[in-house]
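The following exercises ask the reader to work through a protein structure step by step. Please examine the sequence and the model before turning to the solutions.

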Amino acid sequence: MDPTIFQPKAPGTIIPIADGEHAFIPSPLPPDWTFPADLWPLLAEAKQQLGLLEGLGRTLPNPAILLRPLADREAIRSSRLEGTYATAKELLLFDLESKESTSESDRVNEQREVFNYRRALSHGTASELPLSTRLLKEMHQILLNRVRGKDRAPGEFRKVQVAIGATSRFVPPPPERLLECIDPFEKYFHIEQSAFDPLVDCFLAHYHFETIHPFMDGNGRVGRLLLAIMLQHRCGLSKPWLYMSEYFDKNRDDYIAHLFHVSTHANWHDWIEFCIKGTVQQAQDTIQRCDRLRAVREEFSQRVTNVGGSIRLNQIVENIFYSPFVRVADLPARLNVTYPTAKADVQRLIDAGILQDLPNVTPRTLYAPDVFNIAYDELDNE
């Protein structure tokens with residue numbers, strides 16, 4: 001790491017470490033920075049969009065209609081930022097039946113990584129633990145279970161020096177200095193009076209976590225998991241409606257550059273502006289996606305009625321919004337019916353134009369293209 005690029009106003013300290021290298025130790029939050037007047041209109045817009053999103057979410061008869069696709073998108077996008085690529089189709093099929101990898105290059109490895117991210121997200125959002133280092137460690141352990149990085153101290157803070165980038169572009173604190181960074185950071189989760197809006201605090205904390213880089217592997221993903229949970233808790237959302245990884249992935253060069261420029265130049269303005277713009281975009285996208293899913297749900301209800309609806313058919317359709325993939329073989333146990341009855345129910349949903357066969361998949365699997373296209377759209381086309 002080149003210490004000369006860090007300006008005197010940088011929010012931290014450069015220290016020498018082994019082999020002539022240097023590391024950066026960030027100053028505790030909050031930063032010595034005043035939220036600028038030119039960002040107030042943008043912040044107000046973001047808060048308005050969050051309010052609209054929360055209001056819309058509260059009116060959903062079944063929040064899973066939106067929450068499951070959002071969590072899947074977050075898992076896929078956050079993993080892509082780290083070079084792990086699994087499609088929505090692969091994730092949904094893996095969820096129906098997980099497989100074991102046969103080699104290092106097996107696609108199953110990447111599918112499990114994304115699946116683990118969703119598991120860690122579910123654990124973090126459902127946990128009764130407060131935001132804490134203990135919760136971060138638990139999510140980290142889930143994230144690295146049986147995948148790349150499983151031998152890199154899952155669930156434990158690192159005891160070795162690490163560097164970011166092939167040329168050690170950035171070197172985070174040495175392991176012996178981690179606790180002095182982590183302890184005040186954990187306290188900041190629960191600060192009662194802050195000089196900043198809660199939304200801004202979330203993005204300050206995200207920068208700080210990524211800069212501390214407390215784990216040997218998986219820091220980027222854990223940092224974005226933490227951000228998702230903080231956005232819910234600090235912004236007063238009843239559910240985790242907002243995720244940022246899609247925006248970060250679409251703008252990954254800017255994402256990385258802004259984080260780096262905070263460390264080198266204390267450029268909080270551009271980092272926070274970037275994040276607030278992303279909040280507006282992600283909230284608007286989620287609102288539009290939710291409106292479309294609700295419309296499809298109402299249309300499906302009418303289609304089911306037209307083919308002689310039943311409680312069982314409505315159960316299958318409702319579950320489609322949780323996962324748009326359906327295996328006939330799974331339905332008898334779920335619905336407590338015989339296989340011929342389940343097969344007949346599926347055929348009625350095919351006749352209603354709700355389900356289609358998913359080609360080249362064994363055992364027989366069907367999907368709801370109307371739901372899949374709204375919930376996952378471009379994820380399988382990029």
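**Exercise 1. Overall form**

Of the 382 residues of the protein, 52% count as buried, where buried means under 20% relative accessible area, exposed over 50% and partly exposed in between (1.4 Å probe, protein chains only). The model is predicted: local features need pLDDT of at least 70 and side-chain atom pairs count only at pLDDT 80 or more, while totals for chains, interfaces and linings use all residues. Residues are numbered from 1 along each chain as its sequence is written, and side-chain values use heavy atoms, with hydrogens and water left out.

Task: Describe the secondary structure, the dimensions and the contacts of the protein.

Solution.
- Step 1. The protein has 15 helices and 5 strands; helices (H or I, at least four residues) and strands (E, at least two) are DSSP runs, numbered from the N terminus.
- Step 2. The radius of gyration of the protein is 23 Å, which agrees with the value near 21 Å for a compact globule of 382 residues. This radius is taken over C-alpha atoms, and the globule rule is 2.2 Å times the number of residues to the power 0.38.
- Step 3. Along the principal axes, the C-alpha atoms fill a box of roughly 70 × 50 × 35 Å.
- Step 4. Of the contacts (heavy atoms within 4.5 Å) with a separation of 6 or more, 69% are between residues 24 or more positions apart.

**Exercise 2. Aromatic pairs**

Task: Establish how many aromatic pairs there are, and which residues form one aromatic cluster.

Solution.
- Step 1. Rings of Phe, Tyr and Trp (its six-membered ring) pair if their centres lie within 6.5 Å; planes under 30 degrees apart count as stacked, over 60 as edge-to-face and the rest as tilted.
- Step 2. This rule gives 24 aromatic pairs.
- Step 3. The ring centres of Phe-157 and Phe-215 are 5.2 Å apart and their planes stand at 45°, so this pair is tilted.
- Step 4. Phe-157 belongs to the loop between α5 (133-143) and α6 (178-188), and Phe-215 to the loop between α7 (198-212) and α8 (219-234); the pair therefore ties together parts that are 58 residues apart in sequence. Both Phe-157 and Phe-215 are buried.
- Step 5. Phe-185 and Phe-189 form an edge-to-face pair, with 4.9 Å from centre to centre and 70° between the planes. Phe-185 and Phe-189 are also buried.
- Step 6. Phe-157, Phe-185, Phe-189, Phe-209 and Phe-215 form one aromatic cluster.

**Exercise 3. Strand pairing**

Task: State which strands pair in the antiparallel sense, and which are the edge strands of the open sheet.

Solution.
- Step 1. Two strands pair if DSSP finds at least two bridges between them.
- Step 2. Strand β1 (residues 12-16) and strand β2 (residues 22-26) run antiparallel and are joined by 5 bridges. Pro-16 stands opposite His-22 in β2.
- Step 3. β1 and β2 form a hairpin with 5 residues between them, and Asp-19 in the turn has a positive phi of about 60°.
- Step 4. An open sheet of 3 strands has the order β3-β5-β4, with antiparallel pairing. Its edge strands, β3 (325-327) and β4 (356-357), each pair on one side only.
- Step 5. β4 pairs with β5 (residues 365-367) over 2 bridges in the antiparallel sense, and Asp-357 stands opposite Leu-366 in β5.
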